[in-house]
Amino acid sequence: MSIASASISMRVPAGFRNLLEGLVREVLREQPPDVVAFAAQYFQKLLEQREAGGIDPVAWGAMLED
């Protein structure tokens, strides 16, 4: 069975690529046995840093991508 694909152009949100690259870099460095749990902790830590008034990694990444 094949599914016809439509020609849909999707844009990646600004900063998303940089955010994922940061996660990938840490996963490769740490080599965690549970990548999903590691990712959850990684993003939770980023969220806490942002809420504490630190830099927003998505906004910062978007500036780098421009």
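Student: Where does Phe 16 sit in this predicted model?

Tutor: Phe 16 belongs to helix α1, which covers residues 16-30.

Student: And why is Phe 16 called partly exposed?

Tutor: Its relative accessibility is 38%. Buried needs a value under 20% and exposed needs one over 50%, so at 38% Phe 16 counts as partly exposed.

Student: What makes Phe 16 part of a surface patch?

Tutor: Patch members need over 30% relative accessible area and no salt bridge, and nonpolar side chains are joined within 5 Å. Phe 16, at 38%, is grouped with Val 12, Leu 20 and Phe 43 in a nonpolar patch. Together these four residues have about 320 Å² of accessible area.

Student: Zooming out, which elements does the chain have, and in what order?

Tutor: You get 3 helices and 0 strands, running α-α-α from the N terminus on.

Student: How much of the chain is buried, and what does the surface look like?

Tutor: Of the 66 residues, 21% are buried. The chain exposes about 5700 Å², with carbon and sulfur atoms supplying 59% of that area.

Student: Which residues make up the largest nonpolar core?

Tutor: There are 7 of them: Leu 19, Leu 23, Val 27, Phe 38, Ala 39, Tyr 42 and Leu 46. Two or more of these residues come from each of α1 and α2 (35-51), and α2 gives the most, with 4 residues.

Student: What makes that set a core in the sense used here?

Tutor: A core takes buried residues of the nonpolar kinds, joined through side-chain atoms within 4.5 Å, so each of the 7 residues has to be under 20% relative accessible area to be listed.

Student: What does Tyr 42 touch, leaving out residues up to four places away in sequence?

Tutor: Tyr 42 touches Leu 19, Gly 22, Leu 23 and Glu 26. Touching here asks for heavy atoms within 4.5 Å.

Student: Gly 22 turns up in that list. How do you know that Gly 22 is buried or exposed?

Tutor: Gly 22 has a relative accessible area of 7%. The cut-off for buried is under 20%, so Gly 22 is buried. This residue lies in helix α1. Its C-alpha atom is separated by 9.7 Å from that of Gly 61, 39 residues apart along the chain.

Student: Ala 62 next. Where is Ala 62, and why is it called buried?

Tutor: Ala 62 is in helix α3, residues 57-65. Its relative accessible area is 16%; that is under 20%, so Ala 62 is buried.

Student: What does Ala 62 touch, and how far is its C-alpha atom from that of Pro 13?

Tutor: Not counting residues up to four places away in sequence, Ala 62 touches Ala 14 and Gly 15. The C-alpha atoms of Ala 62 and Pro 13 are separated by 8.5 Å, although the two are 49 residues apart along the chain.

Student: How much of the contact set is long-range in sequence?

Tutor: Take the contacts with a separation of 6 or more: residues 24 or more positions apart account for 55% of them.

Student: On to charges. What makes Arg 17 and Glu 21 a salt bridge?

Tutor: Side chains of opposite charge can pair when their charged atoms come close. The rule asks for a side-chain nitrogen of Lys or Arg within 4 Å of a carboxyl oxygen of Asp or Glu. For Arg 17 and Glu 21 the closest N and O atoms are 2.9 Å apart, so the pair qualifies. Both residues lie in α1, 4 residues apart, about one turn of the helix.

Student: Are Arg 17 and Glu 21 buried or exposed?

Tutor: Arg 17 counts as exposed because its relative accessibility is 55%, over the 50% cut-off. Glu 21, at 35%, counts as partly exposed.

Student: How many salt bridges are there, and which residues form a network?

Tutor: The count is 3. Glu 26 and Arg 29 meet at 2.5 Å, N to O, and Arg 29 also bridges to Glu 30 at 3.3 Å. Shared partners join Glu 26, Arg 29 and Glu 30 into one network.

Student: Which stretch does UniProt list for "domain: RIIa"?

Tutor: The unreviewed UniProt entry lists residues 14-51. Over that stretch the chain is 84% helix and 0% strand, with the end C-alpha atoms 19 Å apart.

Definitions and conventions
Residues numbered from 1 in each chain as written. Predicted model: local features only at pLDDT ≥ 70, side-chain atom pairs only at ≥ 80, totals over all residues. Heavy atoms only, no water. Patch = residues over 30% accessible without salt bridge, like charges linked within 9 Å, V, L, I, M, F, W, Y side chains within 5 Å. Areas by Shrake-Rupley, 256 points an atom, 1.4 Å probe, with all protein chains shown as cover. Buried < 20%, exposed > 50% of the residue type's maximum accessible area, 1.4 Å probe, protein only. UniProt positions renumbered as here; feature names shortened; annotations may be inferred.
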